[in-house]
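Thank you all for coming; I would like to take a few minutes to walk through one model with you. Please look at the structure on the screen while I talk, and keep your comments for the end.

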Amino acid sequence: MSETAVDPSVRGRWAAPPLRLARRIGLVAAMPYLYLVALALAIYFLQSNLLTGSGAIDVRATAVFPLALIAFGQTLAIFTRGIDLAVGGIVSTTTALLATHGGTSGLTLGVQVAAVIGLGAVAGAFNGAVVALTRLQPFIVTLATWSIWGGVAFVVLPVEGGATSPGLISLVLGSVLGVPKSVWGIAILFAIWLWLRNTRFVVDLKAIGSDEARARLVGVPLVRRKVQTYAISGALAATAGVWVAAQTASGAPTAGDQFILASVAAVVIGGASIFGGTGSVASSIVGAIVLLMIPDLVFALELTSFWSVFFQGFLLIVAVTISSLAITLRVGRGR
Amino acid sequence: MNVLATRGVKVPHSLRRNPAILLSYATVAALFIAGTLYTSGFGSANNIRTLLLQASFIGVIGLGQTLCILTGGIDLSVPWTLTGAAVLTSILANGDASRLPEVLALVLVLAVGVGLVNGIGVAYAGVPPIIMTLGTNGALQGLLLVYTQGGISSFPPLALNRFVLDRSLGLQNQLWIWIGVVLLGIVLLSATTLGRRLYAIGTNRNAAYLAGINVKRVLVIPYVISAVGAAATGILLMGYTGQAFLTMGDPYLFASAAAVAVGGASILGGDGHYVGTVAGAMVLTLLSGLLLLFSLGTGYLSIAYGGVLLVAAFLASLKLSRR
């Protein structure tokens, strides 16, 4: 991304009036929820048992939970005007490790899970340190570490397969108090965000994203925050990897790659600005839900399932174009 | 960097003034020597030709990627543009070489379309290139999966395979193509107004705009060239390997970006040259060859590539802070 991301030469003037109106009536902030409702209604009318059938919520929540975890971390990185592409590699390495050493090593399940999440945090902390201490842009740093961790995953587990420890699978299956564990997980993420969004941590991240130079001047601890951000993102990615490994009871060296586009799409659909400074993790999680409802819509429309890959990419393009136009217009008029 | 000076300077950011490019060629030499020390067959004419052939694919894609990165962007839609072009050509031509001209024309037109989508999104709507091209990549993957229903059963015409590998004047046609691309790259970046404008935009977009450059229009061009280059690479690669397969584009996302970075270009834009990318492509290919000598496979290669990218980008960023 160029340093001067917004400038007078890029201005979609033709889009100004409708977007101004939209912002005034809070439409832009409500966007992800609108997408959600629209999709839910469409699916309901086309094939309602997709939403109301037995186990429907459980199946969907199970798929949403890992993406929600990664989107959480991705949102934090994007708050700082960064991005975390390494999540792909971290998820892959996590599933690979759990699938190869899970059953055979002498470590208890708890230690295994703690170890891989710790590894994710360390990997993330490295990303954050490099971003904070060098002039390198987050996307190039995380592109490089994505390749590195993807490579590690391949070395650990060259072919999809392996076997995770049996205890892992029972960890994620089933319900607690009648509610599927994955739904609890998503609810916990929302709860964490409700607490987190008012903390100094998030305020600092958004400050860094809006104007890093000014943030430094008012005393925001840049290095610490960036390291924390990417460390959390890495840890969350590893947690998602644990979930995926448990779900599939196996590992795969490319398990994480699909989450990169998906997590960025979830954040963008959720309305956070890709230039940083604004947004909400809750909206990103809603964005993740929206993204993962697309396959259902495709199924309900009786199209081949491959169309969902296209529509997810297409939705990202549409959402990010709307978001970018909104940003360039606002800055164009002077903040 | 005095951007206003670009209007009067004859050869901006000239190769002589860029030590990073020299460093990348020194790395090529060092890696090559390391290979020959390990096993004498490494330095054989045959091996050199094979390595150059492998590097040429990264090289051709690298031109478009260089242009995008020079303007402060990047093209992450390269993998599926490449794969799409190859798969489409394979299916439409269906083994019949006489259909190739029309099929190739159609595929290249579609590639231009993809480039325009990327370029217009980045230039006119202000979408960050990473996200725009990431989205296009995903959309293309989806379209291709729908079109092929997940599998390909046709084979490319044999004539394509023969074209790529046949020798003219001692070198395979593919190498001549790469030489052509190198010349194109040098001329474009060092001797045309377009090249000067790309450097200006990459150095400081505001200043370029104020200097009278139609930034929006110019900024679309690197993405179109990148998409066409990726499509061409896909077709040539298919000719080289004799088949198209759905994962053929995956390695090139990273390889193209890494080649540009290793070649000394700054990821922030405004600094670098395709000549450096050529060296970068050779460095990556040599690394791959060396790792093979030690029987280290895909995983170690990915780790090595990631490390090389990190080091190269870091070194390039050091150069910037000294200005």
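**Helices of chain B, and where the two chains meet**

Let me begin with helix 3 of chain B, which has 16 residues and reaches 22 Å from its first C-alpha to its last, close to the 22 Å expected at 1.5 Å a residue. Please bear in mind throughout that this is a predicted model. Helix 3 of chain B is mostly covered, since 14 of its 16 residues are buried, and just after this helix Asn94(B) takes a positive phi of about 55°.

From there I would like to move to helix 4 of chain B, which runs over residues 100–123. Its 24 residues should span 34 Å at 1.5 Å a residue, and because its end C-alpha atoms are 33 Å apart, the model agrees with that expectation. Which elements do the buried residues of helix 4 of chain B pack against? They pack against helix 3 (78–93), which we have just looked at, and also against helix 5 (129–148), helix 6 (158–165) and helix 10 (215–241), which belong to chain B as well. The buried residues of helix 4 include Leu100(B), Val103(B), Val107(B) and Ala111(B), and further along the list come Asn118(B), Gly119(B) and Gly121(B), among others.

Asn118(B) brings me to helix 5 of chain B, where Thr133(B) lies. Is Thr133(B) buried or exposed? With a relative accessible area of 0%, and with the cut-off for buried set at under 20%, Thr133(B) is therefore buried. Leaving aside residues up to four places away in sequence, Thr133(B) touches Asn118(B) as well as Ile74(B), Asp75(B), Leu76(B), Ser77(B) and Tyr223(B).

Helix 10 of chain B, another of the partners of helix 4, has 27 residues and reaches 40 Å from its first C-alpha to its last, close to the 39 Å expected at 1.5 Å a residue. Helix 10 is also mostly covered, with 19 of its 27 residues buried, and just after its end Gly242(B) takes a positive phi of about 85°.

One more residue of chain B deserves a brief word, namely Ala200(B), which is found in helix 8 (residues 193–203). Ala200(B) has a relative accessibility of 2% and so counts as buried. Ala200(B) and Ala125(B) are 75 residues apart in sequence, and their C-alpha atoms are 20 Å apart in space.

Turning now to chain A, we find 15 helices and two strands, and of its 335 residues 54% count as buried. Among the contacts in chain A between residues at least 6 apart in sequence, 80% join residues at least 24 apart.

Finally, let us consider how the two chains meet. In this model 46 residues of chain A are in contact with 48 residues of chain B, and the area buried between the two chains is about 4,300 Å², of which carbon and sulfur atoms give 79%. How many salt bridges does the rule find across the interface of chain A and chain B? It finds zero salt bridges, and it finds one residue pair in polar contact, with both residues at pLDDT 80 or more. On the side of chain A that touches chain B, the elements that give two or more residues are helix 7 (138–156), helix 13 (257–269) and helix 15 (307–332) of chain A. By class, that side of chain A has 30 nonpolar, twelve polar and four charged residues.

How values were computed:
Residues are numbered from 1 along each chain as its sequence is written. Chains are lettered from A and ligands numbered from 1 in the order in which they are written. This is a predicted model: local features need pLDDT of at least 70, side-chain atom pairs count only at pLDDT 80 or more; totals for chains, interfaces and linings use all residues. Side-chain values use heavy atoms; hydrogens and water are left out. Helices (H or I, at least four residues) and strands (E, at least two) are DSSP runs, numbered from the N terminus. The expected span of a helix is 1.5 Å times one less than its number of residues. Buried means under 20% relative accessible area, exposed over 50%, partly exposed in between (1.4 Å probe, protein chains only). Contact means heavy atoms within 4.5 Å. Buried area is the accessible area (1.4 Å probe) that two parts lose on being put together, summed over both. A salt bridge is a side-chain nitrogen of Lys or Arg within 4 Å of a carboxyl oxygen of Asp or Glu. A polar contact is a pair of N or O atoms within 3.5 Å; within protein, one must be able to donate a hydrogen and the other to accept it, and residues adjacent in sequence count only if both atoms are side-chain atoms. Ala, Val, Leu, Ile, Met, Phe, Trp, Tyr, Cys and Pro count as nonpolar, Asp, Glu, Lys and Arg as charged, and the others, Gly among them, as polar.
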